[in-house]
Amino acid sequence: MDLIPAPLSAVRRPDEDFPLDHTTTLTAPPALADAEQWLRTSLTAATGLPFGPGRSGEGVEFVHDGTLGAEAYRISVRPGHAVVTAGGPAGALWGAQTLRQLLGPDAYRRAPLRRTGWVLPGADIEDAPRFGWRGALLDVSRHFLPKADVLRFLDLLAAHKLNVLHLHLTDDQGWRVEIKRYPALTERGAWRERSMVGYRLGNRRDDRPHGGFYTQDDLREIVAYAAGRGITVVPEIDLPGHTQAAIAAYPELGNTDVVDTSALGVWTDWGVSRNVLNVSEGTIRFFEGVLEEVLELFPSEFIHLGGDECPKEQWKESAAAQARIEELGLANEDELQSWVIRHFDGWLAERGRRLIGWDEILEGGLAPGAAVSSWRGFGGGIAAAQAGHDVVMCPEQHVYLDHRQAAGEDEPIPVGFVRTLEDVYRFEPVPAQLDEVAARRVIGTQANLWSEFMDSARDIDYRAFPRLAAFAEVAWSALPTDPAARDYQAFERRLDGHLAVLDALGVAYRPADGPHPWQRWPGVAGRPIEGPPPVV
């Protein structure tokens, strides 16, 4: 049983197999109905078997056991009866995913092949996740990803028992969420005239307009689709930096006494624009209005507000910004940024939500309920955890999956760090410097996919997989906390079988021996090689 991510325990019982046929039933109590519906829909599509309703004690049966953790489950497969015992709806969904894995790669297809002999192998499995936040960030701002591809990505996350989609919706290069009271955010802010080609090619542009956005009903659909698979969607609305797309739509949001914001368009460069929000009362009220609509769309406990990489040059030059600093009794521009974050921290808390932001938000202090995404290494996460804040570890040196999986001219653009499949498998989210109390503040971990150099689902597949499978095991399984003690060779053996699952799902992953000819660089979108890879 080559399961990924690895369960807590799995015992194969070869004489206890359960053959499935047209009489096999599927039943669950009302509390676990989502898992029953998902499993019936998925397996009927793949096998052609109806999995009609049945009685307790026969067929495939879900059972609720409140003594288990909410995401924990047990599986017992015997002839004529397979039982998934779950601590709650989430545990039932993860147990359903494991049942599908037990049936093999063809169980992941969307229509039945001409085959017979569907068999659940006799087994006893016990399982529960290590972390409650097992996330992946999908950047749909730099390159817009159509809704159908987002839904497909959610299916891939669920298949690997990842339970958070961090959806990066706004940035300098595009605004992707419909806000009804501010229609220009998508009428103007969702579209740029062209895109930067490559990373170190001077002023090269592709001269191809790019854009798109999700309507509010699109986002409601995405959130509901995710919830039916045990996934929470956490939106990110970046502020006060990474906001040129918003300023292009509403120029009054910018520092108008420093720059002619009416001439700004949505940014066509990668990197960080120096055009940032002013911090007038009008701008604060504007983004409160944005967030009121965001909260209606996303029921998640956490709302991500970015808070990173905010250039201060315009605030230093702006008489209005300097007057605001004096009015608020602040010392400098760094404190002004902290004031903005603390304002929205409190605003969200008043509405029963929690702010999460990149580790720069620690600079200036946070309310007790705020959490930190530690991306600039482990330092921010360590400081946050020791100060009593919840932390999601996502250091760029380890889990930025837009970075390359290997060196070589055939690989994508040489930006960031080379991080191999083994590097990701040996990533440990909880730093050894944390004592037991602080370590409990690490609520989870997340792999990030920034899309400057990924303009299609195929590109995302190549960067994400199979490394995301390794990351999923890090986030879910009870691996040794000493990375050197992890059995990478055993994972590789299990991965050989799991690649057939990715094939059935149509994932264009990177092969172990390097890219296929159609994946090689150059060759994707005709972009040139940019020079030797960085030495890391």
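Strand β10 (residues 164-168) pairs with β15 in the parallel sense over five bridges, and within this pairing H166 has V234 of β15 as its bridge partner. The model described here is a predicted one. The two strands belong to a closed barrel of eight strands, which runs β9-β10-β15-β16-β17-β18-β19-β20 with parallel pairing. Neighbouring strands of this sheet are turned against each other by 30° on average, direction ignored.

**Helices on the barrel**

Helix α10 (residues 333-350) lies across β15, β16 and β17 (354-358), and runs at about 150° to β17. Helix α11 also packs on the sheet, where it touches β18 and β19, and its direction makes about 160° with that of β19. In α11, which spans residues 379-386, the buried residues are G380, G381, I382, A384 and A385. The cover over these buried residues includes β18 (371-374) and β19 (390-393), together with α14 (436-439). After α11 comes G388, whose phi is positive, near 90°.

**Nonpolar cores**

The largest nonpolar core has 116 residues, and those with the most contacts inside it are L165, W175, L185, I237, F287 and V290. Helix α7 (residues 281-297) gives the largest share of this core, eight residues. For F287, once neighbours within four places in sequence are left aside, the contacts are W175, I237, L239, A246, L253, L277 and F344. A second, separate core has 33 residues, among them L3, W38, L93 and L99.

**Strand β20 and its surroundings**

I443 is placed in strand β20 (residues 442-449), and with a relative accessible area of 22% it is partly exposed, because the value is not under the 20% that would make a residue buried. Leaving aside neighbours within four places in sequence, I443 is in contact with F131, G132, W133, F302, D390, V391 and V392. I443 and H389 are 54 residues apart in sequence, while their C-alpha atoms are 9.8 Å apart in space.

**A buried histidine in a loop**

H403 is found in the loop between α12 (396-399) and α13 (421-425), and its relative accessibility of 6% is the reason why it counts as buried. The side chain of H403 reaches the backbone nitrogen of F417 at 3.1 Å. Not counting residues up to four places away in sequence, H403 touches E396, V415, G416, F417 and R467.

**Backbone geometry outside helices and strands**

Two cis peptide bonds that precede a proline, and two residues other than glycine with positive phi, are set out below.

| Site | Backbone feature | Place |
|---|---|---|
| I4 and P5 | cis peptide bond, omega about 0° | P5 in the segment before β1 (9-12) |
| L239 and P240 | cis peptide bond, omega about -5° | P240 in the loop between β15 (232-239) and α6 (244-249) |
| D207 | positive phi, about 55° | loop between β13 (191-192) and β14 (210-211) |
| E309 | positive phi, near 45° | loop between β16 (302-306) and α8 (313-317) |

L239 takes part in one of these cis bonds, and L239 is also among the contacts of F287. As for accessibility, D207 is exposed, with a relative accessible area of 56%, whereas E309 is partly exposed, with a relative accessible area of 31%.

**Cysteines**

A search of the whole structure finds zero disulfides. C310 is in no disulfide, since its nearest cysteine sulfur, that of C394, is 19 Å away, whereas a disulfide would need the two sulfur atoms within 2.5 Å. C394 likewise is in no disulfide, and the nearest cysteine sulfur to it, that of C310, is 19 Å away. Both residues are buried: C310 has a relative accessible area of 7%, and C394 has one of 0%.

Definitions and conventions:
Residues are numbered from 1 along each chain as its sequence is written. This is a predicted model: local features need pLDDT of at least 70, side-chain atom pairs count only at pLDDT 80 or more; totals for chains, interfaces and linings use all residues. Side-chain values use heavy atoms; hydrogens and water are left out. Helices (H or I, at least four residues) and strands (E, at least two) are DSSP runs, numbered from the N terminus. Buried means under 20% relative accessible area, exposed over 50%, partly exposed in between (1.4 Å probe, protein chains only). A polar contact is a pair of N or O atoms within 3.5 Å; within protein, one must be able to donate a hydrogen and the other to accept it, and residues adjacent in sequence count only if both atoms are side-chain atoms. Contact means heavy atoms within 4.5 Å. A nonpolar core is a set of buried Ala, Val, Leu, Ile, Met, Phe, Trp, Tyr and Cys residues joined through side-chain atoms within 4.5 Å. Two strands pair if DSSP finds at least two bridges between them. Axes are lines fitted to C-alpha atoms, for helices over the stretch in contact, and angles run from 0 to 180 degrees between N-to-C directions.
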